[in-house]
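Work through the three exercises below with the structure open. Try each task before reading its solution.

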Amino acid sequence: MGVDLPRLVGARVARREDPRLLTGQGSYVDDHRPARMLYAAFLRSPHAHARIARIDASAALALPGVAAVLTGEDIARAAKPVRAESKTPDVKTTSFPPLALGKVRHVGEAVAMVAAESRYLAEDAVEHLAVEYEPLPVVRNTDEALDPASPVLHEDAGTNLLVAREFARGDVDGALAGAALVVRERFRFHRHTPVCMENRGCLADYATGSAMLTLRSSAQCPGLVRDVLTDLLGMPEHQIRVVATDVGGGFGAKASLYPEEIATCVMARRLGRPVKWIGDRREDLLSTTQAWDEIVEAELGVNRDGTIVGLRARVTADIGAYSIYPWTAAIEPVQTISFLPGPYRVPAYRGQARGVATCKAPLGPYRGVGRPPAVFVIEGLMDRAARQLGIDPTEIRLRNFIRDEDFPYKSPSGIVWDRSSFTGSLVKAREALDYQAARDEQAKARAAGRWLGIGVASYVELTGIGSAIPVSPGMPVSTGTEAATIRFDPAGKVTAVFGVASHGQGLETTLAQIVADEVGVPIADVRVLHGDTEVSPYGTGTYASRSLVLAGGAAILAGRAVREKMLLIAGHLLEADPADITLIDGRYAVRGMPDRSVAVRQIARAAYSGARQLPKGLEPGLEATKFYDPYYGTASNATHVAVVEVDHATCEVKTLRYVVVEDCGRMVNPLIVDGQVHGGVAQGIGAALLEEIVYDDHGQLLSGTLMDYVVPSACEIPMMEVHHLETPSPVTLGGFRGMGEGGTIGAPAAIANAIADALAPLGIEVAELPVSPDRLFRLIGARTG
Amino acid sequence: MVTVRLNVNGVAHEGRCEPRKLLVDFIREDLGLTGTHVGCEHGICGACTIMFNGEAARSCIMLAVQADGAELATVEGLMRDGKLHPLQEAFREHHGLQCGFCTPGMLMTALDFLRTNPAPSDREIREGISAVLCRCTGYQGIVNAVRAAAPILASGR
């Protein structure tokens with residue numbers, strides 16, 4: 001069947017979610033206030049490590065308007081402890097109690113929960129909770145944590161080393177010994193936090209009459225939360241509904257199960273009243289999962305012409321106090337060593353990963369997961385090698401990229417890269433920047449004493465991961481499928497329902513584009529529902545750059561199934577062979593005879609009008625549910641180039657130009673792809689220059705406000721120039737590749753390399769991010785006195 | 001409890017609340033106008049920005065009682081006769097929003113900025129909107145939207 005409607009896939013369609021969000025009619029968790037609702041507040045630990053000797057809630061309970069107080073013991077009686085299991089022995093499984101049980105392991109850990117008639121009263125009551133703590137020695141960093149003399153945070157693990165994993169291919173020691181040049185560095189990527197503009201929150205409602213639990217949550221993964229609540233609360237899956245319609249940003253921060261979600265459910269179930277908790281910014285900075293905090297000791301061996309002979313690295317991640325569900329403590333360090341070889345041919349590799357527990361907030365998934373540090377490291381090493389060999393940084397990359405004829409290419413960590421545009425993206429980025437002109441400009445600037453630099457970063461990531469491998473290494477939860485239900489009503493309008501959830505990515509628009517194309521209706525006739533386990537087919541949610549690939553693939557399959565049936569019905573109505581039916585101007589017509597046609601709504605009406613309107617034996621109705629499993633996943637790559645200038649007086653880094661050439665395969669909506677790149681790059685620039693979570697020697701959070709944790713404003717972010725290559729993925733339906741995380745993967749390395757290039761006359765390398773003005777001042781001061 | 005009388009988007013309201021109640025909580029809970037968002041409660045992120053007697057202000061660091069007798073405008077008041085405000089249109093056209101959480105505060109801030117600077121440069125736009133943090137857009141769509149809306153708003157004045 002030919003489809004000659006204007007193709008929506010590939011078009012810059014304005015977003016369908018915008019009108020409600022622009023007019024204040026979004027439906028975020030905090031916008032809901034059912035009758036009889038109570039407000040919750042949490043008491044959080046002021047200690048980094050302490051035994052809880054006693055909790056006295058009597059004064060709090062005596063306050064007017066206070067309904068109940070829960071402690072760790074109360075929760076333990078109502079819910080199983082959260083344990084992020086792993087299939088591999090490399091990861092030790094530990095418990096994460098929703099409210100501290102016996103001891104606290106980081107500042108900000110939830111200790112007790114109050115429910116009261118208002119948020120103000122709940123917070124008053126928290127002030128009246130008396131907790132007796134017996135402080136324990138603070139495990140401040142990974143070195144201390146690995147010292148046998150230090151206390152063990154999780155007694156059942158017997159060690160603070162929760163993750164130890166190694167990937168190896170070839171004789172790396174021999175390769176490095178024989179290399180013409182080995183560059184070495186100890187890289188440090190400090191702790192980062194996602195900062196969604198909407199703080200985390202949830203609203204639980206337990207209807208005693210129907211034994212039905214409804215949880216509205218600022219969650220990326222409603223299906224995943226529903227599944228685990230079933231287990232933890234001992235409730236049947238069909239009695240739990242998790243809803244996350246409008247969510248104010250996620251970036252991975254809202255992809256994990258959180259203690260407050262469980263505690264709020266327990267409170268609501270116990271009281272038979274709706275209970276809402278909305279975290280404030282302090283709670284977000286104290287308790288939302290954080291990122292990176294890794295030390296990477298790495299060595300790269302190259303021949304005289306710059307070709308790589310071997311790479312050896314050890315990653316040590318400070319995973320904080322808890323292994324988070326379902327991703328486990330392995331997610332950051334193991335992803336880092338998995339992606340360290342980058343888009344290059346690395347014949348010999350050994351990567352070791354360690355995840356070490358300390359008294360800090362838990363590490364979790366954040367935009368890029370492991371890849372931003374991995375790219376910072378490998379791209380930093382490539383530049384060091386290029387500088388020492390006198391090779392242009394773009395040239396050394398071109399010499400080492402996995403070549404077009406090498407695809408599919410199995411990386412040393414076992415990832416298979418399908419046909420991608422590693423070389424193409426760098427060549428195009430050079431053109432887009434006018435690389436030679438930029439180098440000439442730099443030479444002039446240098447001659448005038450200015451610190452101007454150009455930084456390049458190329459990367460490849462794995463997106464749209466199917467059932468062959470877990471999204472997080474060793475994770476037993478299956479994340480390999482998503483489904484779509486496409487349903488016509490008798491009037492010819494379409495409702496498409498998905499198990500994924502949108503929190504800014506515009507999936508209501510992009511998935512509607514795909515559905516509309518598949519079934520041959522205008523986009524206005526398609527309504528996309530998502531983020532509600534009550535209405536959607538089985539699915540987990542949105543994370544790991546998967547939703548467009550998996551849900552989009554499911555939409556194609558379901559759309560095809562519906563279209564097949566429409567052809568049968570159209571053939572019946574037109575008394576023609578269904579094989580001769582084609583879609584012209586939104587009508588199903590007999591091929592070559594546009595006068596013999598039926599409108600979509602006539603087909604839809606016929607589908608619901610009984611046997612006489614339908615071909616013999618055809619089941620009435622017009623809907624289909626299809627699951628899609630891309631099995632392995634698909635590569636997604638880009639090259640970023642930054643031009644920066646370092647101010648002599650203030651050490652401020654100004655980004656003068658920023659060019660991205662990305663390849664996400666077939667683009668569904670270039671407007672949205674651009675927006676994802678812009679936002680990702682801005683987060684990467686923040687990570688490179690400004691944003692750092694800082695704990696003091698007592699494990700106290702020093703960056704506990706947005707004055708101390710510096711998120712870039714519009715003034716710190718440049719205009720970005722985004723270009724696209726469209727190499728259709730050979731392994732996904734539709735040829736789509738995931739791309740929501742990429743901006744953040746490339747930007748830290750590009751900025752770091754640009755700064756190192758600017759300061760090359762001083763012999764300064766950038767081995768530590770963020771390279772804030774004070775760090776830069778010290779680096780420059782050490783060279784210039 | 002104290003009585004607060006104010007005008008929001010041209011409609012008179014009266015409510016009773018504790019003297020300590022934040023203006024943003026009063027707007028959201030007592031008046032039911034949930035378009036104004038709470039992002040940090042310490043005056044940095046700007047998600048709660050409203051118009052207070054004609055100027056942009058952060059409703060998370062004001063008390064409701066301070067608004068007694070004031071004229072407020074919130075995001076709910078921008079749409080007229082079922083049509084988006086030209087600034088809202090520009091945000092949609094230029095993809096100036098993703099998750100939408102900062103958007104109400106961003107719109108009110110940009111509106112106030114364009115009132116005082118009807119023909120801004122890009123640099124001035126960036127400074128003008130730097131009072132509101134957005135984590136999704138990298139500001140590019142927002143800057144483009146404000147630039148595009150500026151002449152439309154100026155000509156309508």
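This is a predicted model: local features need pLDDT of at least 70, side-chain atom pairs count only at pLDDT 80 or more, and totals for chains, interfaces and linings use all residues. Residues are numbered from 1 along each chain as its sequence is written, while chains are lettered from A and ligands numbered from 1 in the order in which they are written.

**Exercise 1. Place strand β15 of chain A.**
Task: Find which strands pair with β15(A), and state how many of its residues are buried.

Solution.
Step 1. Locate the strand: β15(A) covers residues 291-302. Strands (E, at least two residues) and helices (H or I, at least four) are DSSP runs, numbered from the N terminus.
Step 2. Check burial. Of the 12 residues in β15(A), 10 are buried; that is, 20 or more other C-beta atoms lie within 10 Å of the residue's own, with C-beta atoms placed from the backbone.
Step 3. Look for partners; two strands pair if DSSP finds at least two bridges between them. β10(A), residues 181-192, is antiparallel to β15(A) over 11 bridges. Here Arg191(A) has Trp292(A) as its bridge partner.
Step 4. Turn to β16(A), residues 308-320, which runs antiparallel to β15(A) with 9 bridges. Gly301(A) is opposite Gly310(A).
Step 5. Inspect the turn. The β15(A)-β16(A) hairpin has 5 residues between its strands, and Gly306(A) there has a positive phi of about 95°.

**Exercise 2. Describe how domain 1 of chain A meets domain 3.**
Task: Which elements and residue classes make up the domain 1 side?

Solution.
Step 1. Set the bounds, which come from an automatic or database domain assignment. Domain 1 of chain A is 18-25 + 481-628, and domain 3 is 291-468 + 631-784.
Step 2. Count contacts (C-beta atoms, placed from the backbone, within 7 Å). Domain 1 of chain A brings 19 residues against 20 from domain 3.
Step 3. Name the elements: α15 (507-519) and α16 (547-574) of chain A each give two or more residues to the domain 1 side. The largest share, 7 residues, is from α16(A).
Step 4. Sort by class. The domain 1 side holds 9 nonpolar, 9 polar and 1 charged residues. Nonpolar means Ala, Val, Leu, Ile, Met, Phe, Trp, Tyr, Cys and Pro; charged means Asp, Glu, Lys and Arg; the others, Gly among them, are polar.

**Exercise 3. Describe the chain A side of the contact with chain B.**
Task: Which element gives the most residues to this side?

Solution.
Step 1. Count: 42 residues of chain A meet 44 of chain B.
Step 2. List the elements giving two or more residues: α1 (18-22) and α18 (670-689) of chain A.
Step 3. Pick the leader. α18(A) gives the most, with 6 residues.
Step 4. Sort the chain A side: 21 nonpolar, 14 polar and 7 charged.

Key:
Contact = placed C-beta atoms within 7 Å.
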